[in-house]
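Notebook open, coffee poured. I want to go through how the pieces of this chain pack, one contact at a time.

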Amino acid sequence: MDWLNGLLFTPSSIQTIVVLSMICALGLALGKLKIMGVSLGVAFVFFIGILAGHLGLRIDESVLSYAETFGLVVFIYMLGLSVGPNFFGSLRHEGLPLNLWSLAVILLGTLMAVIMVPLTGVDLPDMVGILCGATTNTPALGAAQQALQQLGHPAGSLALGTAVTYPLGVIGVIIVMVIMRKFLVKDDDLKLRNAENEDKTYIGQFEIVNPALDGKQISQIAESTHDKFIISRVWRGEHVIVPFANTILKIGDNVLVVTNNDEEGAMEILFGKEVEKDWNKDKIDWNHIDSKVASRDIVLTRKVLNGKHLGELQLRNTYGVNVSRVLRGDMKLLATDDLRLQYGDRLIVVGPPKTLDNVEKFIGNAVQTLNEPNVGSIFLGIILGLALGSIPLFIPGMSAPVRLGIAGGPIIMGIIVGSLGSKIHIISYTTRSASLMLRKLGLSLYLACLGLDAGKDFFATLIRPEGLMWIGLGLLLTIIPILIIGIIVLKTKKFDFGTICGILCGSMANPMALGYANDTLKGDTPSISYASVYPLGMFVRVIIAQILIMFFV
């Protein structure tokens with residue numbers, strides 16, 4: 001059995017791969033089990049890692065640190081890349097309230113920590129360490145250590161407080177989400193209230209009864225209103241017309257209009273009577289509506305078109321077709337001339353069948369190329385994210401610079417590349433399956449290393465005189481703030497439960513809890529709200545840690 005002993009206990013590159021793979025495989029398998037209707041998903045990897053560390057499995061510390069960092073960076077960057085296209089739209093509409101609720105969690109937890117100092121007799125530096133562990137925020141720990149060292153005090157107890165409370169800080173958010181979903185969440189709270197972020201368009205058929213439009217060109221009508229719309233078909237008696245800018249409309253014409261989903265009423269005022277027919281169903285055979293006009297879903301795969309505005313392609317003038325909508329991931333966008341196209345966009349093109357063949361050649365439609373992720377751009381984004389995270393940011397009044405770190409830099413760079421990459425002609429397209437696989441691979445690797453490192457001291461800490469008290473305080477600092485704020489947000493009925501989970505995970509800088517939310521809830525709302533609140537929340541926690549040390553020690 002020497003070979004088995006060497007495979008598991010003799011440090012080597014092979015032993016490292018075997019141990020981490022074993023922890024991930026067993027954790028992911030057991031994570032599918034449901035206990036009282038609840039499964040932990042990828043979060044179970046963390047518990048298997050703790051058990052493995054307690055049983056004596058070890059890997060080289062430098063390799064452990066590398067694997068943990070690499071896993072976290074891959075997960076965080078891919079998360080930012082996936083939410084990037086939705087991020088700025090969400091930030092404009094809901095960014096302020098999302099961040100305000102996140103700040104409420106942070107401030108309530110900080111206030112509790114300050115109050116606990118005289119009540120429990122724990123020194124403030126130790127309490128700051130407990131708070132950093134309870135909120136799983138290692139950048140805040142580093143900032144507090146620097147501030148304490150500058151004041152001439154030893155910083156060892158800070159790290160000890162963080163190490164003791166970090167494991168339960170990681171799972172505390174999951175505990176709250178499980179409690180809320182089991183006892184407080186109703187079916188309506190699970191519905192995606194921001195579904196409009198996925199489908200931003202509305203399709204309606206209108207009969208023109210407005211006399212002001214009789215004899216007017218479509219371009220003249222468009223110039224007379226601030227509302228944006230596209231007419232993809234015109235029915236005039238038994239004839240169907242592919243409309244152009246100079247097409248003249250007449251009373252009695254029926255027009256198929258694509259507009260933004262909040263402008264249906266404006267279209268009815270503009271054109272007149274809306275025909276009672278649902279054109280927004282998922283399954284509509286557009287090619288059987290009439291024989292002279294077809295609709296085709298064409299994928300943009302010509303790299304030279306990445307980042308260009310739709311109007312620059314001149315499809316209407318060159319080919320005599322209309323683009324009614326653009327599908328980008330799960331989003332449906334109105335195909336306006338100023339829409340900036342991205343590699344992998346799917347254009348819904350309407351026109352004569354033979355003409356659509358020429359449009360397809362121009363746009364690309366090489367669907368097979370989309371199955372090959374642009375791995376080079378992913379590594380480039382990771383490099384830029386780590387570089388961004390290492391830049392020191394000097395804030396007036398702070399004795400030490402603040403850095404975004406290995407988590408903050410990559411997620412912000414992922415958001416930037418995902419949302420704005422096309423403007424600088426960076427192809428960031430990644431298939432949904434590839435993105436999910438990389439995110440789960442990175443998170444599993446990170447949790448396996450985190451658990452393995454914590455496991456060797458976790459149970460020994462429980463028998464320390466102050467160990468149980470510190471763990472209990474940390475658990476209170478984790479659970480109470482997010483439970484109180486989570487219930488309040490839930491009662492406002494303004495956000496679906498997935499969005500609330502993202503707020504709670506982001507305010508606590510807890511990627512493992514986010515992984516649990518993504519595994520157990522539908523949609524990307526947890527990831528979007530997490531990315532929206534994470535950067536500001538991390539900054540505030542780093543600054544608060546330094547303020548507590550500098551002004552109260």
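What follows is my notes on helix contacts, two sheets and one ring pair.

**Entry 1: what I have**

I am working from a predicted model, so I read everything below as a feature of that prediction.

**Entry 2: helix 2 on helix 3**

I started at the N-terminal end, with helix 2 (residues 13-30) and helix 3 (residues 44-54). I found their axes coming within 7 Å and crossing at roughly 130 degrees. I had half a mind to call that antiparallel, but the label needs an angle over 145 degrees. Helix 2 is therefore oblique to helix 3. The hand of this crossing is right.

Next I listed who touches whom. Helix 2 brings Ile23, Cys24, Leu26, Gly27, Leu28 and Leu30, and helix 3 answers with Phe44, Val45, Ile48, Gly49 and Ala52. Sorted by class, I get nine nonpolar residues, two polar ones and no charged ones.

**Entry 3: helix 16 and its contacts with helix 5 and helix 17**

Helix 16 (residues 467-492) packs with helix 5 (residues 124-134) at an angle of about 55 degrees, and the axes are 9 Å apart. The two are therefore oblique to each other. Helix 5 passes helix 16 in a right-handed crossing.

Which residues of helix 16 take part here? I noted Trp470, Leu473, Gly474, Leu477 and Thr478, which meet Asp126, Met127, Ile130, Leu131 and Ala134 of helix 5. The class count for this contact is seven nonpolar, two polar and one charged.

Then I moved on to helix 17 (residues 497-507), which packs with helix 16 at about 150 degrees, with the axes 10 Å apart. That makes helix 16 roughly antiparallel to helix 17. The crossing is right-handed here too.

On the helix 16 side of this contact I have Ile482, Gly486, Val489 and Leu490. They meet Phe497, Ile500, Leu504 and Ser507 in helix 17. I count six nonpolar and two polar residues, with no charged ones.

**Entry 4: the five-stranded sheet**

I traced an open sheet of five strands next, in the order 3-2-4-1-5, and its pairing is antiparallel. Which strands stand at the edges? Strand 3 (239-241) and strand 5 (272-274) do, each with a single partner strand, so one side of each has no neighbour in the sheet. Ignoring direction, neighbouring strands are turned by 30 degrees against each other on average.

I looked harder at strand 5, which is joined to strand 1 (residues 201-208) by three bridges, the two running antiparallel. For Glu207, the bridge partner in strand 5 is Lys273.

Helix 10 (residues 264-271) lies across this region too, over strand 1, strand 2 (229-236), strand 4 (254-260) and strand 5. I get about 130 degrees between helix 10 and strand 5.

**Entry 5: aromatic rings**

How many aromatic pairs turn up? I count five. I wrote down Trp235 and Trp279, whose ring centres are 6.2 Å apart and whose planes make 25 degrees, so this pair is stacked. The limit for that label is planes under 30 degrees apart. Trp235 sits in strand 2 and Trp279 in the loop between strand 5 and strand 6 (294-299), so the pair ties together parts 44 residues apart in sequence.

**Entry 6: the four-stranded sheet**

Strand 6 led me to another open sheet, four strands in the order 6-9-7-8 with antiparallel pairing. I put strand 6 and strand 8 (331-334) down as the edge strands, each pairing on one side only. The average turn between neighbouring strands is 25 degrees in this sheet, direction ignored.

At the strand 8 end, four bridges join strand 7 (residues 322-328) to strand 8, and the two run antiparallel. Arg328 has Met331 as its bridge partner in strand 8.

Last lookup was helix 12 (residues 353-363), which packs on this sheet and touches strand 6 and strand 9 (346-351). The direction of helix 12 makes about 10 degrees with that of strand 6.

Conventions: Residues are numbered from 1 along each chain as its sequence is written. This is a predicted model: local features need pLDDT of at least 70, side-chain atom pairs count only at pLDDT 80 or more; totals for chains, interfaces and linings use all residues. Side-chain values use heavy atoms; hydrogens and water are left out. Axes are lines fitted to C-alpha atoms, for helices over the stretch in contact, and angles run from 0 to 180 degrees between N-to-C directions. Angles under 35 degrees count as roughly parallel, over 145 as roughly antiparallel, 65 to 115 as roughly perpendicular and the rest as oblique. A crossing is left-handed if the near helix is turned anticlockwise from the far one by less than a right angle, and right-handed if clockwise. Contact means heavy atoms within 4.5 Å. Ala, Val, Leu, Ile, Met, Phe, Trp, Tyr, Cys and Pro count as nonpolar, Asp, Glu, Lys and Arg as charged, and the others, Gly among them, as polar. Two strands pair if DSSP finds at least two bridges between them. Rings of Phe, Tyr and Trp (its six-membered ring) pair if their centres lie within 6.5 Å; planes under 30 degrees apart count as stacked, over 60 as edge-to-face and the rest as tilted.
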